[in-house]
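Welcome, and please open the model in your viewer. We will go from one selection to the next and say what to look for at each stop.

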4 protein chains.
Amino acid sequence: MISFASDYIAGAHPRILERLAETNLEMLPGYGSDRYTDSAREKIREAIGVPDADIFFITGGTQTNQLVISTMLGNTEGVISADTGHVNAHEAGAIEYTGHKVLSLPGKDGKIVPETLKAYLETFYGDENHEHMVYPGMVYISWPTEYGTLYSKAELDAISGITQEYRIPLYIDGARLGYGLMSPENDVTLQELAAFADMFYIGGTKVGALAGEALVFTKHNTPDRFITQIKQHGALNAKGRFLSVQFDTLFTDGLYFEIGRHGIEKAEKLKEIFRERNIPFFLTSPTNQQFVILENSSMEELSKEVEFSFWEKAGPDRTVVRFATSWSTTDEHLAMLREILDRVMG
Amino acid sequence: MISFASDYIAGAHPRILERLAETNLEMLPGYGSDRYTDSAREKIREAIGVPDADIFFITGGTQTNQLVISTMLGNTEGVISADTGHVNAHEAGAIEYTGHKVLSLPGKDGKIVPETLKAYLETFYGDENHEHMVYPGMVYISWPTEYGTLYSKAELDAISGITQEYRIPLYIDGARLGYGLMSPENDVTLQELAAFADMFYIGGTKVGALAGEALVFTKHNTPDRFITQIKQHGALNAKGRFLSVQFDTLFTDGLYFEIGRHGIEKAEKLKEIFRERNIPFFLTSPTNQQFVILENSSMEELSKEVEFSFWEKAGPDRTVVRFATSWSTTDEHLAMLREILDRVMG
Amino acid sequence: MISFASDYIAGAHPRILERLAETNLEMLPGYGSDRYTDSAREKIREAIGVPDADIFFITGGTQTNQLVISTMLGNTEGVISADTGHVNAHEAGAIEYTGHKVLSLPGKDGKIVPETLKAYLETFYGDENHEHMVYPGMVYISWPTEYGTLYSKAELDAISGITQEYRIPLYIDGARLGYGLMSPENDVTLQELAAFADMFYIGGTKVGALAGEALVFTKHNTPDRFITQIKQHGALNAKGRFLSVQFDTLFTDGLYFEIGRHGIEKAEKLKEIFRERNIPFFLTSPTNQQFVILENSSMEELSKEVEFSFWEKAGPDRTVVRFATSWSTTDEHLAMLREILDRVMG
Amino acid sequence: MISFASDYIAGAHPRILERLAETNLEMLPGYGSDRYTDSAREKIREAIGVPDADIFFITGGTQTNQLVISTMLGNTEGVISADTGHVNAHEAGAIEYTGHKVLSLPGKDGKIVPETLKAYLETFYGDENHEHMVYPGMVYISWPTEYGTLYSKAELDAISGITQEYRIPLYIDGARLGYGLMSPENDVTLQELAAFADMFYIGGTKVGALAGEALVFTKHNTPDRFITQIKQHGALNAKGRFLSVQFDTLFTDGLYFEIGRHGIEKAEKLKEIFRERNIPFFLTSPTNQQFVILENSSMEELSKEVEFSFWEKAGPDRTVVRFATSWSTTDEHLAMLREILDRVMG
């Protein structure tokens, strides 16, 4: 069955598999001390415009979030997130598991509103009694968000300014970074985003890798003995090459951006398909995740022929569902979707 | 440079890469709900002789140990390990990070001695004051051990009997299980090992996979909501296929055992190389890790031409080092080693 | 200076100090195995009407909350609380410190609204994707709440019914239980409250003790090896008598209720004082904590002569402050307050 | 029945109860901001000779140990302890509960041997592979130890020197400090001990208080936002006066030392009683805990008339038991013990 259920329905971009095969018999040291780790780091440093960034390759996004947040927060600190933020809503309490509170703020379309953030911090530090409260120790945002939306450059600038004023780091979850960068509505470059962030990760799993995220510390702010901390979290791969070769490939000849662009092109066509058929959007997403509202009866019929993701109920009779594109989406897939929609919902 | 530094110096067994490529474009659901997860589980159940075993694929060994131990221990419980056990010595405190004490017992050649275990438990429960102590809640052993040694069937039977008597589960870390099973000195079958264990894992990373371990619960003893717990630990892969396809391949046509046999054959030749040159063994290992004692001066010379692992000091002038074989070791590698040894140490 | 800053500004009720002195030289075993622990437990069991309740004496409220919640939740579970609940807002992340999320619901006057709770649970279990979410594993309410308000019997019945329907325990934080029970607006007996709760604690620190809370498990639901868990939290007192003698005294000849009644009588007079002077209430509290809104200029003047607690800003020029009564509040204190108010704010 | 079971069988020294009663009605702010906290701190600073020490009053010893160790260790660090150290053996895993390993060293008579400590640290930092190990981040010793023994000034100097060389703090658990200071074999002053330690606590619970320990940071090394961390651990008392008044009394007119001297005088007499009757000592303790070896049959008879503590088995027929003295031990108690021993064991 055809699937738009997520951006991780297929394996890796073929060029990645090729490079894994080509390098397979090389004898390399383990735990991230191989030459591809060095090479991938260098290429990423160049791409993000931060020559002295510290970079680590971690297997998955939740793991990366847990690692960064738990190792950078002080004991008394929590991380600020939009209520819909992945760390708050869909990581099974992975942050709290490490002893830290997620301080959730009401968001808008998946985003923290700068004014809300500022008001929160002002109130917190205006309150005399915060000795009995969890201190805000980091701001977490996802870019694109869990709803496919993007913070504009102005919004990032505002949020970054607030975090600097309050001397707390800004961490950007870039699980789908490649799709955000290539969005027609995006006005931020990768270099600018890296400058706004104190830490961020470049998502691989959802942008063409088998697995893997590149965690970047931009401000000489890597936690002490970070390799040991990765090990302590069970997140240090013996065959570190398995991640580094993938990122080395993604950042060779612009493959990462090519994948992002491909996903976005297909998403734009996907949006067109929904628009033509007057299927209402739940919100306006400029990236590779599209949220539409279906009548429950249509949803059930449709689900027999195409896969998509349940998102949330939109009342008793309607449901928000997600369709995602990725590096592996083809025009044939879209044509099949058109045909199915017309037949089932026509 | 040629390397015997570990059993994770090369990538994956070629058949694994082939299968990853062949299945790459299949549209599969995420998080371990794909058909290869089902298929790999079925093949493993058959291989271990436990038709109703619960099986999960986890990226790495420390992660697997942390998951099993932290989710199965009660709050007041710790895990018993030999002092040289991986969870006690070389996982950067990953178990304690989850709130549990490792109760270390003095081992012999990397193994827990059944009599020591029994005496420990008798003393513990004979002591009236154990309300202020950490309760023993699990026994952890590695098979093969960190020193390449193997528990015999009689030893496993004795330890398993003790754990049953005290009603605490026995967990076997099988990071290098394949090499243990194929050792000429081994007298345990995989089915017997599975029957002795309450939980164990079949190591993939060190036995031919890019990454991945198959965690097996043999006694309907899977912790509650285990998928959520994996997620909470940051250990749930979106592209679960990346692990399941590998294990499906490893357990097709006996590849896992073929890899083990290959590693052992090369290890036997490696031992012969050391014996012929009167290089003393630190201990007698029947598996793919060999520990020899080198004069520091020889060690330094040798390290310029061949990679091996520092293990521990053996006095002021001598050092224990490890040479490991794996699926990727070839006769050419061994011939090169012979030549280097004769030239450097001759 | 006179103080209404809290209900813990004075030491212990004199009868408690007397009993501590009278029993001081008795040779008693430690860690809660003394005869006063038995006696106090028996008296409390009778008072709450649960003959087989398990009861433990813990030094403070945050400690008690942390103990109950962390030892009763499963790994994947969080605790539901009103957003203003003590465990969510003012315990410095003590719950998250133990690895569990506080699932906060918007409250009303410090209370969880039963309909909100029901809707939350329905949505949670209606959502197919909750495998990546924190499961609701307990409901926490405070009675009286942090704002001095009380759940009525009907509200407790509704909430208790919902928790039973979803098979999650209901935990009642009774830090100020004595004042709630004696409130003229209260319609719940201690026995009824104990029946609604799966666990609750009878607050001592704020109701006449030097320190101490009586933690009650009403349904044979005490966590395994609870003494060891208390010890592990650093919460087991060597001289357990110090807590048990206090509770034995509080539950002898109705002292606990006498203290509650005294605090409430003074609070009623305190309310009258504010009403007479048209000082606006922030909300209507039927217990010993009263929240009024002061102009900032008045607040500053007043704070030179009487102590009270800052609560929160009520706009740019006004502030919510708390005045509390307790067992130690006297009519002289109230007369002094009247005089100060008239002079400063008149 | 007469009891030598511990040094916490009685309540508080009478002067403490008197002061609690005298100050009972004073209106004091909570959470350690009362004037007695200031006063007690000042008196302790003077007694220890560290004018700028930071001091906090915590309810119990395990709580204090957990607080200090968990808030001062980095994520990758563990605490070194003798294998018999309280934090390793008898706190139910309270340290591991906070995520940190106790790195146990074989001790001698309850003490860490300086040479063993040095060898451990040399090996650790000599080993190239410590990235996968827990880093030693603190040394914990108890003074007196769990076996009543004392480190001499030379031993403390040696250990302190090693910790300085390796830049890890030295923490001294002084649960029974008062008895150690007054021991005839002691050659360390309180000021010297404070100078050796980076952190230590002055035990109250076992030296005359109802409960309470004074935690001292001697080197401007108090963890960040320590009040909040205490709160997060559930260890912040609302009525902080309850602890501060006790310590203010203990450090007024030398009461703390008077109590220590009293306990030691009675312990010397106790030792004489055992010596006269040829009851063998398990080891030589110069403080208030005495460990003797009894035939199991004698032990059982004796236990019908006098309380003491089981310690450990000394073979199939004999047992090590503990007798302790304290501020409350009288000559009458000792006379009764003499009479019982002569009658039962004569």
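Start by selecting A:Asp54, which stands opposite A:Phe217 in strand 8 of chain A. Bear in mind throughout that this is a predicted model.

Now widen the selection to the two strands. Strand 2 of chain A and strand 8 (residues 213-217) of chain A run antiparallel and are joined by five bridges. Is strand 2 of chain A mostly covered or mostly open? Residues 54-58 make up this strand, and four of the five are buried, so "mostly covered" is the answer.

**The core**

Next, pick Val216 in each of chains A, B, C and D. A:Val216, B:Val216, C:Val216 and D:Val216 are the residues with the most contacts inside the largest nonpolar core, which has 415 residues. In soluble globular proteins, nonpolar side chains tend to be buried together.

Which residues does B:Val216 touch, leaving aside those up to four places away in sequence? Select B:Ile48, B:Ala53, B:Ile55 and B:Ala194, then add B:Met199, B:Phe200, B:Tyr201 and B:Ile202.

**A sheet in chain D**

Move to chain D and show strands 9, 12 and 11. They form an open sheet in the order 9-12-11, with antiparallel pairing. Strand 9 (289-295) and strand 11 (309-313) are the edge strands, each pairing on one side only. On average, neighbouring strands of this sheet are turned by 30° against each other, direction ignored.

Zoom in on strand 11 of chain D and strand 12 (residues 318-324) of chain D: four bridges hold this antiparallel pair. Here D:Glu312 has D:Val320 of strand 12 opposite.

Then add helix 12 (residues 255-276) of chain D, which lies across strand 9 and strand 12 and runs at about 20° to strand 9.

**Where chains C and D meet**

Select chains C and D together. In this interface, 45 residues of chain C are in contact with 46 residues of chain D. On the side of chain C that touches chain D, the elements giving two or more residues include strand 1 (2-3), helix 1 (14-22), helix 3 (61-72) and helix 11 (241-250) of chain C. The residues on this side of chain C divide into 21 nonpolar, 19 polar and five charged.

**Two copies compared**

Finally, superpose chain B on chain D. A turn of 180° and a shift of 0.0 Å along the axis lay chain B on chain D with an RMSD of 0.0 Å. The two copies are therefore related as by a two-fold rotation axis. Since 100% of the interface residues of chain B are also interface residues in chain D, the copies meet through the same surface.

Note on methods
Residues are numbered from 1 along each chain as its sequence is written. Chains are lettered from A and ligands numbered from 1 in the order in which they are written. This is a predicted model: local features need pLDDT of at least 70, side-chain atom pairs count only at pLDDT 80 or more; totals for chains, interfaces and linings use all residues. A nonpolar core is a set of buried Ala, Val, Leu, Ile, Met, Phe, Trp, Tyr and Cys residues joined through C-beta atoms within 7 Å. A residue is buried if 20 or more other C-beta atoms lie within 10 Å of its own, exposed if 12 or fewer, and partly exposed in between; C-beta atoms are placed from the backbone. Two residues are in contact if their C-beta atoms, placed from the backbone, lie within 7 Å. Two strands pair if DSSP finds at least two bridges between them. Axes are lines fitted to C-alpha atoms, for helices over the stretch in contact, and angles run from 0 to 180 degrees between N-to-C directions. Ala, Val, Leu, Ile, Met, Phe, Trp, Tyr, Cys and Pro count as nonpolar, Asp, Glu, Lys and Arg as charged, and the others, Gly among them, as polar. Copies are superposed by least squares on the C-alpha atoms of residues with pLDDT of at least 70 in both.
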